[in-house]
Amino acid sequence: MARIADLLAAGRCFSFEFFPPRTEEAEAQLSKTLADLEPLRPSFVSVTYGAGGTTRERTHDIVLDVLRNTTMTPMAHLTCAGHTRAELAGILELYRDEHLENILALRGDPPAELGLPPGD
């Protein structure tokens with residue numbers, strides 16, 4: 001699998017970024033979109049977290065699906081706000097065990113109205 005740092009260092013590249021779907025219909029549309037875009041051979045595709053990490057489980061699922069079932073290189077967003085150290089370690093262990101190397105780790109600013117638990 002390509003490392004994004006190497007792709008960027010090599011010169012021009014292009015990628016697509018996706019938001020995790022919130023409905024089954026949107027999930028089906030994302031699957032179709034990924035299949036339609038795969039022949040374009042993007043340098044990589046990234047999957048964001050929703051606001052405050054509200055769709056983080058879907059982010060993990062989509063990234064791993066791209067890794068396992070396509071030829072595209074996935075990059076997972078990992079917004080650290082609202083996570084404990086143990087949760088972050090668990091996510092990173094999951095990605096390590098799946099051989100996912102491309103992670104965009106962000107501190108993130110949790111929106112106060114979401115009432116997220118404090119992170120470490």
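The paragraphs below go through the predicted model from its overall fold to its largest pocket.

The chain contains 4 helices and 4 strands. Read from the N terminus, these elements follow the order α-β-α-β-α-β-α-β. Contacts in the chain reach well along the sequence: of those with a separation of 6 or more, 79% join residues that are 24 or more positions apart.

The chain has 120 residues, and 36% of them are buried. Its exposed surface comes to about 7,400 Å², with carbon and sulfur atoms supplying 53% of that area.

Two cysteines can be placed on the same scale of burial. Cys13 has a relative accessibility of 26% and Cys80 one of 25%. Cys13 is therefore partly exposed, because its value falls between the limits of 20% and 50%. Cys80 is likewise partly exposed, because 25% also lies between these limits. As for covalent links between cysteine sulfur atoms, the count of disulfides is 0.

The largest pocket holds about 160 Å³ of space. Its lining is made up of Pro21, Glu27, Leu30, Ser31, Leu34, Arg58, Asp61, Ile62 and Asp65. Two or more of the lining residues come from each of the helices α2 (24-37) and α3 (56-69). By residue class, the lining of this pocket comprises 4 nonpolar, 1 polar and 4 charged residues. Among the nonpolar ones are Leu30, Leu34 and Ile62, while the charged ones include Glu27, Arg58 and Asp61.

Technical notes: Residues numbered from 1 in each chain as written. Predicted model: local features only at pLDDT ≥ 70, side-chain atom pairs only at ≥ 80, totals over all residues. Heavy atoms only, no water. Buried < 20%, exposed > 50% of the residue type's maximum accessible area, 1.4 Å probe, protein only. Contact = heavy atoms within 4.5 Å. Areas by Shrake-Rupley, 256 points an atom, 1.4 Å probe, with all protein chains shown as cover. Disulfide = S-S within 2.5 Å. 1 Å grid on protein atoms, 1.4 Å probe; cavity = no way out; pocket = protein on both sides within 12 Å on 5 of 7 lines; lining within 4 Å. Points joined across faces, edges and corners; volume = space filled by probe spheres on them.
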